[in-house]
Amino acid sequence: MVNSRPTTGPSWTRRFHPAPDAATRLVCFPYAGGSAGYFHGMSARLAPAVELLAVQYPGRQDRYAEPPVDDIGRLADAVTEALLPEAREKPLALFGHSMGATVAFEVARRLERRGITPAALFVSARRGPATVREETFHLATDADLERELRALGGTGTDVLDDEEILRMVLPVVRSDYRAAETYRYEPGGDLGCPVVAFAGEGDPKATVAEVRDWARHTTGPFELTAFGGGHFYLNEHQVAVARAVLRRLAPAAAPRR
């Protein structure tokens with residue numbers, strides 16, 4: 001396990017398209033091995049109706065020098081502290097893809113314990129928190145971990161085919177996989193905010209039925225939409241997902257293409 005104390009403060013989020021007049025901010029959490037930049041396109045589609053803040057985990061891009069965090073709870077603790085000033089300024093909604101959905105859920109729980117109810121939690125390509133698969137990719141060889149990334153299709157071939165870059169990326173991916181695979185849901189204190197779930201119909205990591213299990217973790221409204229595609233269905237269906245987000249957070253707005 002990586003022993004590190006994550007920093008808090010502005011370094012945790014990236015604001016690609018400032019929208020100071022937006023009524024709501026959407027905080028987006030990347031997948032295992034992903035970075036804040038994954039949500040640049042979504043940010044452009046939501047602005048100016050919704051201002052997107054993308055979380056940058058330690059260990060990647062401009063935070064490469066910081067050790068990655070391999071524990072969902074510690075990651076959620078740090079992000080929650082960093083988001084408190086934003087949450088006190090205007091309503092926040094949370095969006096997480098894959099591992100990011102679990103982090104977003106744990107952040108939402110921590111916010112609600114402080115009396116701050118998110119406008120909504122959007123969860124994408126991730127099974128419900130209490131639905132466990134015994135996976136150990138974080139213990140796999142580098143070659144097997146690389147094959148896993150190629151099979152899922154979320155990491156570009158420019159990264160996977162560059163040996164030097166791949167050797168830099170794999171330790172971060174392994175740390176994130178450890179965080180996701182060792183996470184265990186602690187019962188109690190589920191959410192009161194709406195939960196909106198998205199799934200890929202052919203996703204090998206989270207079936208539609210497993211994604212539907214998110215309904216058990218809120219006393220608020222729940223809805224589920226399934227799209228064609230696999231674990232990274234979002235790459236092809238970003239406009240439709242942005243439309244669903246706006247329908248919940250800014251009904252009068254339409255997503256930019």
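1. Let's start with a term you'll need: a polar contact is a pair of N or O atoms within 3.5 Å, and within protein one of them must be able to donate a hydrogen and the other to accept it. With that in hand, look at Arg127. A polar contact of 3.1 Å links its side chain to the side chain of Glu135. Keep in mind throughout that you are looking at a predicted model.

2. Stay with Arg127 for a moment. You'll find Arg127 in the loop that runs between strand 5 (121-124) and helix 4 (142-152). Is Arg127 buried or exposed? Its relative accessibility is 6%, and buried means under 20%, so Arg127 counts as buried. A polar atom of the Arg127 side chain also lies 2.8 Å from the backbone oxygen of Lys205. Leaving aside residues up to four places away in sequence, Arg127 touches Arg133, Glu135, Lys205, Ala206, Glu210, Val211 and Trp214. So that you can spot the two polar partners in that list, click on Glu135 and on Lys205.3. Next, have a look at Leu121, which sits in strand 5. Leu121 has a relative accessible area of 0%, so it is buried. Not counting residues up to four places away in sequence, its contacts are Leu94, Ala104, Phe105, Leu191, Cys193, Pro194, Val195, Val196 and Trp214. You have met Trp214 already, among the residues that Arg127 touches. Try one distance here too: Leu121 and Arg147 are 26 residues apart along the chain, and their C-alpha atoms are separated by 31 Å.

4. Now for a pair of helices. How do helix 2 (residues 72-89) and helix 3 (residues 99-113) pack? Their axes are 9 Å apart, and the angle is about 60°. That makes helix 2 oblique to helix 3. The crossing of these two helices is right-handed.

5. Which residues make up that contact? On the helix 2 side you have Ile72, Gly73, Leu75, Ala76, Asp77, Val79, Thr80, Leu83 and Leu84. On the helix 3 side you have Met99, Thr102, Val103, Glu106, Val107, Arg110 and Leu111. Sorted by type, the residues of this contact are ten nonpolar, three polar and three charged.

6. Pick out Ala76 from that list, a residue of helix 2. Ala76 is buried, because its relative accessible area is 0%. Setting aside residues up to four places away in sequence, Ala76 touches Val103, Glu106, Val107 and Arg110. For another distance to try on screen, go from Ala76 to Ala108: these residues are 32 apart in sequence, and 8.9 Å apart in space, C-alpha to C-alpha.

7. Over to Ser43, found in helix 1 (residues 40-46). Ser43 has a relative accessibility of 1% and therefore counts as buried. What does the side chain of Ser43 make a polar contact with? The partner is the side chain of His17, at 2.7 Å. Not counting residues up to four places away in sequence, Ser43 touches Phe16, His17 and Leu52.

8. A few backbone details deserve a look. Most residues other than glycine have a negative phi, and most peptide bonds are trans. Against that background, check the peptide bond from Ala47 to Pro48: it is cis, with omega near 5°. Pro48 belongs to the loop between helix 1 and strand 3 (50-55).

9. Two residues catch the eye for their phi values. Ser98 has a phi near 60°, which is positive in a residue other than glycine. You'll find Ser98 in the loop between strand 4 (92-97) and helix 3, and at 9% relative accessibility it counts as buried. Ala125 also has a positive phi, about 55°, although it is not a glycine. Ala125 sits in the loop between strand 5 and helix 4, and with a relative accessible area of 2% it is buried. Arg127 from the start of this note lies in that loop between strand 5 and helix 4 as well.

10. Last stop: Glu236. Where does Glu236 lie? Look in the loop between strand 7 (222-227) and helix 8 (238-249). Glu236 has a relative accessibility of 60%, and exposed means over 50%, so Glu236 counts as exposed. From Glu236 to Ala250 is 14 residues along the chain, and their C-alpha atoms are separated by 22 Å.

Methods: Residues are numbered from 1 along each chain as its sequence is written. This is a predicted model: local features need pLDDT of at least 70, side-chain atom pairs count only at pLDDT 80 or more; totals for chains, interfaces and linings use all residues. Side-chain values use heavy atoms; hydrogens and water are left out. Axes are lines fitted to C-alpha atoms, for helices over the stretch in contact, and angles run from 0 to 180 degrees between N-to-C directions. Helices (H or I, at least four residues) and strands (E, at least two) are DSSP runs, numbered from the N terminus. Angles under 35 degrees count as roughly parallel, over 145 as roughly antiparallel, 65 to 115 as roughly perpendicular and the rest as oblique. A crossing is left-handed if the near helix is turned anticlockwise from the far one by less than a right angle, and right-handed if clockwise. Contact means heavy atoms within 4.5 Å. Ala, Val, Leu, Ile, Met, Phe, Trp, Tyr, Cys and Pro count as nonpolar, Asp, Glu, Lys and Arg as charged, and the others, Gly among them, as polar. Buried means under 20% relative accessible area, exposed over 50%, partly exposed in between (1.4 Å probe, protein chains only).
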